2 protein chains.
Amino acid sequence: MKQSLGAKTLLLPTPVWIVGTFDTEGKANAAAVAWGGIVCSKPPCVGVSLRAATQTHGNILAREAFTVNVPSVAQAEAADYFGIASGHDVDKFAATGLTPVKSDLVDAPYIAEFPVVAECRLFKVVELGLHTQFVGEIVDVKADASVVEDGSANIERVKPFVYNTHRRIYYAVGKAIGPAFEIGKAIGG
Amino acid sequence: MKQSLGAKTLLLPTPVWIVGTFDTEGKANAAAVAWGGIVCSKPPCVGVSLRAATQTHGNILAREAFTVNVPSVAQAEAADYFGIASGHDVDKFAATGLTPVKSDLVDAPYIAEFPVVAECRLFKVVELGLHTQFVGEIVDVKADASVVEDGSANIERVKPFVYNTHRRIYYAVGKAIGPAFEIGKAIGG
């Protein structure tokens, strides 16, 4: 028997991604998002949702570009800081000691130290309510050589983490449980 | 030094969620999605992306509703099957033995056996390319009493899993690594 928990955003898990942007004067900013996901395969697109009050929201509209940076568990403290501090008040790169690298492909900075980054040009703006969803077309994904395997990022090397919204706790990605498009073949075959 | 991996959808991790719908004749269908995420807090909204070729795509347009069902690792085989089989060809509920429950709130079925489900009314349709993103307003979230703690779903009891797209492997959610909006306070304080 199921219990009603109300009209809440408590689906799980959600990713922890850092959105990199430039402001109108070229200062780099970075903000943590859990409201995000891949949204289309062709063109390859990712969506990230931000409140209008954030500096990142204004930066994306001004520069029509952003990056999505995947932190590793060892970088959880910095990732969390990117979700606490506001780019209106502080220079988050200076505070964390992390390095913004200007993308050659889009008008936004990515984070040098994070293992996987996607450079995105603004593709669509979707006004939803408190949050605006920015859909970015992924122009390139870059990864540290140390996490690359067969032309892709090996999640066991990247060690990304997820977020349990309502309990406000980060969790590591754990053990492999099986190959997709394989384990289900046992059913109805 | 970073290595270019190309314009690909290999951000990670992505969730593994099952979308429940009715067709025009009231037959229940369920499809696995990894292209999805929370997209807005007010109204509470979730986005799921589907190709026009899928039965779920047509069902959502016809019924203007869907559910998002979170499988537990023990249900990975069924979840994978929901991503392999097509509702055009088979009755996926009959094949898996899982139970579609007609929602009282929206015109869609949820999966009785899955620990967390969200009932959604269609809020916005975003055409992106190969995929259409369906944004659903979450009308209610329901969870098994066994996974509820303090009015929310405890991820350690739900045991959801994630997907590493390009390696096509499912991974369990692992250990807690720290509280959000807390561990970052050590920086810049």
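Is B:Gly6 buried, exposed or partly exposed, and how many other C-beta atoms lie within 10 Å? Select B:Gly6 to begin the tour: B:Gly6 is partly exposed, with 13 other C-beta atoms within 10 Å, where a residue is called buried if 20 or more other C-beta atoms lie within 10 Å of its own, exposed if 12 or fewer, and partly exposed in between, the C-beta atoms being placed from the backbone.

Some conventions come before the next stop. The model is a predicted one, in which local features need pLDDT of at least 70 and side-chain atom pairs count only at pLDDT 80 or more, while totals for chains, interfaces and linings use all residues. Residues are numbered from 1 along each chain as its sequence is written, and chains are lettered from A and ligands numbered from 1 in the order in which they are written.

**Around B:Gly6**

B:Gly6 belongs to strand β1 of chain B; helices (H or I, at least four residues) and strands (E, at least two) are DSSP runs, numbered from the N terminus. Add A:Asp140 and A:Val141 to the selection, since B:Gly6 touches both, residues up to four places away in sequence not being counted; contact requires that the C-beta atoms of two residues, placed from the backbone, lie within 7 Å. A:Val141 is the bridge partner of B:Gly6, and the strands that meet here, β11 of chain A (residues 131-144) and β1 of chain B (residues 2-6), pair in the antiparallel sense over 4 bridges. Two strands are said to pair if DSSP finds at least two bridges between them. If B:Ser86 is then selected, the C-alpha to C-alpha distance from B:Gly6 is 30 Å, with 80 residues separating the two in sequence.

**Across the two chains**

Now select the contacts between the chains: 94 residues of chain B are in contact with 94 residues of chain A. On the side of chain B that touches chain A, strand β15 (residues 169-179) of chain B gives the most, with 11 residues. The residues of that side divide into 57 nonpolar, 24 polar and 13 charged, with Ala, Val, Leu, Ile, Met, Phe, Trp, Tyr, Cys and Pro counted as nonpolar, Asp, Glu, Lys and Arg as charged, and the others, Gly among them, as polar.

Colour the strands of the sheet that crosses between the chains: an open sheet of 6 strands runs in the order β2(A)-β14(A)-β15(A)-β15(B)-β14(B)-β2(B), with antiparallel pairing. Each β2 strand, that of chain A and that of chain B (14-15), stands at an edge with a single partner strand, so one side of each is left without a neighbour in the sheet. β15(A) and β15(B) pair in the antiparallel sense over 7 bridges, and A:Gly178 can be picked out opposite B:Tyr170 in β15(B).

**Inside chain A**

Hide chain B and look at chain A, which has 4 helices and 15 strands. Its radius of gyration is 17 Å, close to the 16 Å that the globule rule gives for 189 residues, so chain A is as compact as a globular protein of that length; the radius is taken over C-alpha atoms, and the rule is 2.2 Å times the number of residues to the power 0.38. Of the 189 residues of chain A, 56% count as buried.

Select helix α2 (residues 76-84) of chain A, where the buried residues include A:Ala76, A:Tyr81 and A:Phe82. With chain B shown again, the partners against which the buried residues of α2(A) pack can be seen, among them β3 (17-22) and α3 (92-96) of chain A, together with β15 of chain B.

Move next to β5(A), where 5 of its 5 residues are buried. β5(A) forms a hairpin with β6(A), with 4 residues between them, and the two strands pair in the antiparallel sense over 4 bridges; A:Gly36 stands opposite A:Val48 in β6(A).

**Backbone stops**

Most residues other than glycine have a negative phi, and most peptide bonds are trans. In the loop between β5 (36-40) and β6 (45-51) of chain A, select A:Pro43: the peptide bond from A:Lys42 to A:Pro43 is cis, with omega near -5°. A:Pro13 is found in the loop between β1 (2-6) and β2 (14-15) of chain A, and the peptide bond from A:Leu12 to A:Pro13 is also cis, with omega near -5°.

A:Glu64, in the loop between α1 (55-63) and β7 (65-70) of chain A, has a positive phi near 55° and counts as partly exposed, with 17 C-beta neighbours inside 10 Å. End at B:Phe181, in the segment after β15 of chain B, where phi is positive at about 60° and the residue is exposed, with 12 other C-beta atoms within 10 Å.
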